[in-house]
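The following exercises ask the reader to work from the coordinates towards a description of burial, packing, pockets and backbone geometry. Each task is followed by a solution that proceeds step by step.

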Amino acid sequence: MVHLDNGLSLNEPASPRTLAFQESRTKFAYFGTLSIFKGTLVVFEAIGRLPKEIRRKITLDIYGANLEFQSQDFQNKFSELLEKTTDCVRFHGPYQSEDMPKLMANVDWVIVPSIWWENSPLVIEEALFHKRPVICSNIGGMAEKVEHDQSGLHFQVGSAADLANCIIRAATEEGLWDKLSNGISERLTIQEVADRTLEIYRQIQEKRSLLNSQLNQVERP
């Protein structure tokens, strides 16, 4: 079997965020659908567990859509937790895919807290393309795409306490961001995936042609 990740249609990765004097990598972001399954509430609960000195240092920007299509209970809980964390959390609503490079330019870390088994989350591919380390749940396609302590950090799925610990580590451990950002491998473009896919078919065709030729020789009297 041959595995190829989805290709991206992005052109240039966003440069690392410019830091002010003695500033740390403390800008976090969530991108994606707002729902119970995407772990949105887990992020809020993790922020609520942070010590005050950490909350004063960090910001969390939430970019997401479809809140109005969720259950009323979820919407109420979302609003309640947002109200409790306005000191460091900002909700921006929906975004367009073409806005991602501009948004990513103001981000250091991307949080992907889904509580279900994601397959191949596009937001992870986009974050890694822009060399932004990912903090994600330790299951499914998330854990497969993000290597713990190499290109990001894993936390126990659904655990606000474990996610809070990851956020604290990301905001305070000197040199961690550089280490993880440098550990991110290059992502494939759509053209590169297409070229590699065609090459696989060419190789199969060559092997098939060779096999047919050998069979014809064996069958000759």
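**Exercise 1. Determine which elements cover the buried residues of α5, and establish how many residues of α5 are buried.**

Solution. Step one is to list the surroundings: in this predicted model, the cover over the buried residues of α5 includes β1, α4, β4, β5 (134-137) and α6 (140-145). Step two is to count along the helix, where seven of the eight residues are buried, so that α5 is mostly covered. Step three is to name them: V123, I124, E125, E126, A127, L128 and F129 are the buried residues of α5. The cut-off behind this step is a relative accessible area under 20%.

**Exercise 2. Find which residues lie closest to the centre of the largest pocket, and describe the make-up of its lining.**

Solution. The volume comes first, and for the largest pocket it is about 300 Å³. Its lining consists of 21 residues, and those closest to the centre are F31, G32, T33, Y95 and V123. Two or more lining residues come from each of β1 (27-33), β2 (59-65), β4 (109-112) and α5 (122-129). Among the contributors, β1 provides the largest share, with four residues. Sorting the lining by chemical character gives twelve nonpolar, six polar and three charged residues.

**Exercise 3. Repeat the analysis for the second largest pocket, stating its volume and which residues lie nearest its centre.**

Solution. The volume in this case is about 180 Å³. The lining of the second largest pocket comprises 14 residues, and S24, R25, E173, E174 and G175 are the ones that lie nearest the centre. Turning to secondary structure, at least two lining residues are supplied by α7 (160-172) and at least two by α8 (176-182). By character, the lining of the second largest pocket separates into five nonpolar, three polar and six charged residues.

**Exercise 4. Identify which members of the largest nonpolar core touch the most other members, and follow the contacts of F28.**

Solution. As background to the task, nonpolar side chains in soluble globular proteins tend to be buried together. The largest nonpolar core has 36 residues, and the members that touch the most others are F28, I58, I135, L163 and I167. The elements that contribute two or more residues to this core are β1, α1 (40-49), β2, α3 (72-84), β4, β6 (152-155), α7 and α8. The largest share, seven residues, is given by α7. When residues up to four places away in sequence are set aside, F28 touches I58, T59, L60, D61, W109, I111, I135, I167, A170 and A171. Apart from the largest core there is another, of 20 residues, which includes A14, I124, A127 and L128.

**Exercise 5. Locate the loop residues N66 and K131, and examine the phi angle of N66 and of K131.**

Solution. The expectation to hold in mind is that most residues other than glycine have a negative phi. N66, in the loop between β2 and α3, has a positive phi of about 75° although it is not a glycine. Its relative accessible area is 31%, and N66 is therefore partly exposed. K131, in the loop between α5 and β5, likewise is not a glycine and has a positive phi, here of about 60°. The relative accessibility of K131 is 23%, which means that K131 also counts as partly exposed.

**Exercise 6. Place N106 within the chain, and then assess the overall dimensions of the chain.**

Solution. N106 is found in the loop between α4 (100-104) and β4. Once neighbours within four places in sequence are left aside, the contacts of N106 are with R17 and K27. Between the C-alpha atoms of N106 and E199, which are 93 residues apart along the chain, the separation is 38 Å. For the chain as a whole, the C-alpha trace spans about 85 × 45 × 30 Å along its principal axes. The radius of gyration of the chain is 22 Å, whereas a compact globule of 221 residues would have one near 17 Å. Among contacts with a separation of 6 or more, 73% join residues 24 or more positions apart. Finally, buried residues account for 42% of the 221 residues, and the chain contains nine helices and six strands.

Methods:
Residues numbered from 1 in each chain as written. Predicted model: local features only at pLDDT ≥ 70, side-chain atom pairs only at ≥ 80, totals over all residues. Heavy atoms only, no water. 1 Å grid on protein atoms, 1.4 Å probe; cavity = no way out; pocket = protein on both sides within 12 Å on 5 of 7 lines; lining within 4 Å. Points joined across faces, edges and corners; volume = space filled by probe spheres on them. Nonpolar A, V, L, I, M, F, W, Y, C, P; charged D, E, K, R; others polar. Core = buried A, V, L, I, M, F, W, Y, C linked by side-chain atoms within 4.5 Å. Buried < 20%, exposed > 50% of the residue type's maximum accessible area, 1.4 Å probe, protein only. Contact = heavy atoms within 4.5 Å. Rg over C-alpha atoms; globule rule 2.2 N^0.38 Å.
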